[in-house]
Amino acid sequence: MTTVTARSVVVGVVGRPISHSLSPIIHNAWIAAAGIEAVYVAVSPPEDGFAAFIAGLRGGGVLRGLNVTLPFKPQALALADDTTPRAKAAEAANLLVFQPDGAIWADNTDGLGLLSAFASQAPGFDPAAGPVAVLGAGGGARAAAAAFLAAGAPEVRLINRTLSKAWVVATLLGPKASAFKLDDAAAGFAGVNAIVNASSAGLLGEGSDLPFDAAPSTAVVMDMTYKPLLTPLLRDAQAAGLRTVDGLEMLIGQARPSFEAFFGRSPPPEVDVRSLALAVLGADA
Ligand code: ATR
């Protein structure tokens with residue numbers, strides 16, 4: 001256990017709500033194993049006080065950097081001075097670094113997390129090998145679709161309960177993106193390489209009722225939700241014989257490049273952060 005001292009570098013995660021975040025468990029385990037004099041905290045300013053909160057962090061004297069989660073990701077991007085192309089493409093930032101000169105640097109590592117989750121749980125998966133179906137039309141769906149397009153996917157299909165919202169996102173993403181109504185999911189699943197759930201439907205715990213039999217048997221299905229780890233959607237996909245990827249692996253996958261941005265080094269690979277997070281998830285259930 002690293003001792004927290006007056007010299008400790010402070011980093012953290014900001015969101016609302018935040019008390020169930022697994023990020024402090026993951027980052028503090030890496031900090032301890034790496035022997036870095038630092039601590040990772042969770043903070044939750046009022047929704048209408050986010051801009052003032054961030055303004056007070058300029059210069060890095062309070063916090064060196066922050067991960068950002070719901071509902072603050074779009075605002076975090078808007079408040080930054082320097083933004084990476086992938087954060088711009090997602091129209092959201094999940095990572096802010098407060099530079100000594102007062103500037104705020106913003107990135108989005110969610111796409112990296114998404115693709116690294118596929119790489120670790122679906123060995124051999126190639127994101128460029130075919131069309132991808134993304135369920136939902138919110139910020140998570142947009143980030144997932146942008147990540148797959150950046151990784152070479154030839155086509156992304158936004159599938160959403162409200163078709164007009166899917167078209168808004170598809171239009172922003174460009175000519176490789178199209179939109180389908182949730183009722184037409186079978187058409188959207190035809191010939192896909194992957195299906196990603198970025199809708200909040202999985203959070204509610206109901207059965208997915210999705211036509212997984214319309215997808216090729218080689219398709220890989222991912223759910224960005226990790227509570228529960230095996231969502232009804234992933235259970236249905238497995239019952240249809242498809243390989244699955246879970247949202248916890250994506251959370252860990254976005255945390256790694258965040259740690260690198262905070263501390264200028266990779267997290268120690270020997271720490272089994274997945275088991276640590278699973279122990280907390282199990283205890284919460
Ligand atoms: P994010 O958190 O990624 O920004 P959001 O803006 O909260 O997401 O959007 C939630 C998504 O889940 C939307 O695509 C929503 O569909 P609508 O655009 O039709 O509202 C989808 N969603 C939420 N509940 C759903 C349900 N019960 N069935 C299907 N889709 C649902």
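In this predicted model, P17 sits in the loop that runs between strand β1 (9–14) and helix α1 (23–34), and the peptide bond that joins R16 to P17 is cis, with omega at about 5°. A second cis bond leads from K227 to P228, where omega is near 0°, and P228 likewise belongs to a loop, the one between β11 (220–223) and α9 (232–239).

Another backbone feature is found at E91, a residue other than glycine whose phi is nonetheless positive, near 55°. E91 is placed in the loop between α4 (85–90) and β5 (95–98), and its relative accessible area of 43% lies between the 20% and 50% cut-offs, so that E91 counts as partly exposed.

Returning to helix α1, one may look at S23, which is part of that helix. With a relative accessible area of 6%, under the cut-off of 20%, S23 is therefore classed as buried. Once its neighbours within four places in sequence are left aside, the residues in contact with S23 are V13, Y40, L251 and Q254. Of these, Y40 also belongs to an aromatic cluster, which it forms together with W30, F259, F262 and F263.

The aromatic rings deserve a closer look. A pair of such rings is described by the distance between the centres and the angle between the planes. The model holds 9 aromatic pairs in total. One of them is formed by F118 and F148, whose centres are 5.5 Å apart and whose planes stand at 90°, an edge-to-face arrangement. This pair links distant parts of the chain, since F118 lies in helix α5 (residues 110–121) and F148 in helix α6 (residues 139–150), 30 residues apart. Both F118 and F148 are buried.

Helix α5 also packs against another helix, α10 (residues 247–263), and the axes of α5 and α10 come within 7 Å of each other and cross at roughly 125°. Because this angle falls between 115 and 145 degrees, outside the ranges for perpendicular and antiparallel, the two helices α5 and α10 are oblique to each other. The crossing of α5 and α10 is right-handed. On the side of α5 the contact is made by D110, L112, G113, L114, S116, A117, S120 and Q121, while α10 contributes E249, M250, G253, Q254, R256 and P257. Sorted by class, the contact between α5 and α10 comprises 5 nonpolar, 6 polar and 3 charged residues. Q254, listed here for α10, is also one of the residues in contact with the buried S23.

Key. Residues are numbered from 1 along each chain as its sequence is written. This is a predicted model: local features need pLDDT of at least 70, side-chain atom pairs count only at pLDDT 80 or more; totals for chains, interfaces and linings use all residues. Side-chain values use heavy atoms; hydrogens and water are left out. Helices (H or I, at least four residues) and strands (E, at least two) are DSSP runs, numbered from the N terminus. Buried means under 20% relative accessible area, exposed over 50%, partly exposed in between (1.4 Å probe, protein chains only). Rings of Phe, Tyr and Trp (its six-membered ring) pair if their centres lie within 6.5 Å; planes under 30 degrees apart count as stacked, over 60 as edge-to-face and the rest as tilted. Contact means heavy atoms within 4.5 Å. Axes are lines fitted to C-alpha atoms, for helices over the stretch in contact, and angles run from 0 to 180 degrees between N-to-C directions. Angles under 35 degrees count as roughly parallel, over 145 as roughly antiparallel, 65 to 115 as roughly perpendicular and the rest as oblique. A crossing is left-handed if the near helix is turned anticlockwise from the far one by less than a right angle, and right-handed if clockwise. Ala, Val, Leu, Ile, Met, Phe, Trp, Tyr, Cys and Pro count as nonpolar, Asp, Glu, Lys and Arg as charged, and the others, Gly among them, as polar.
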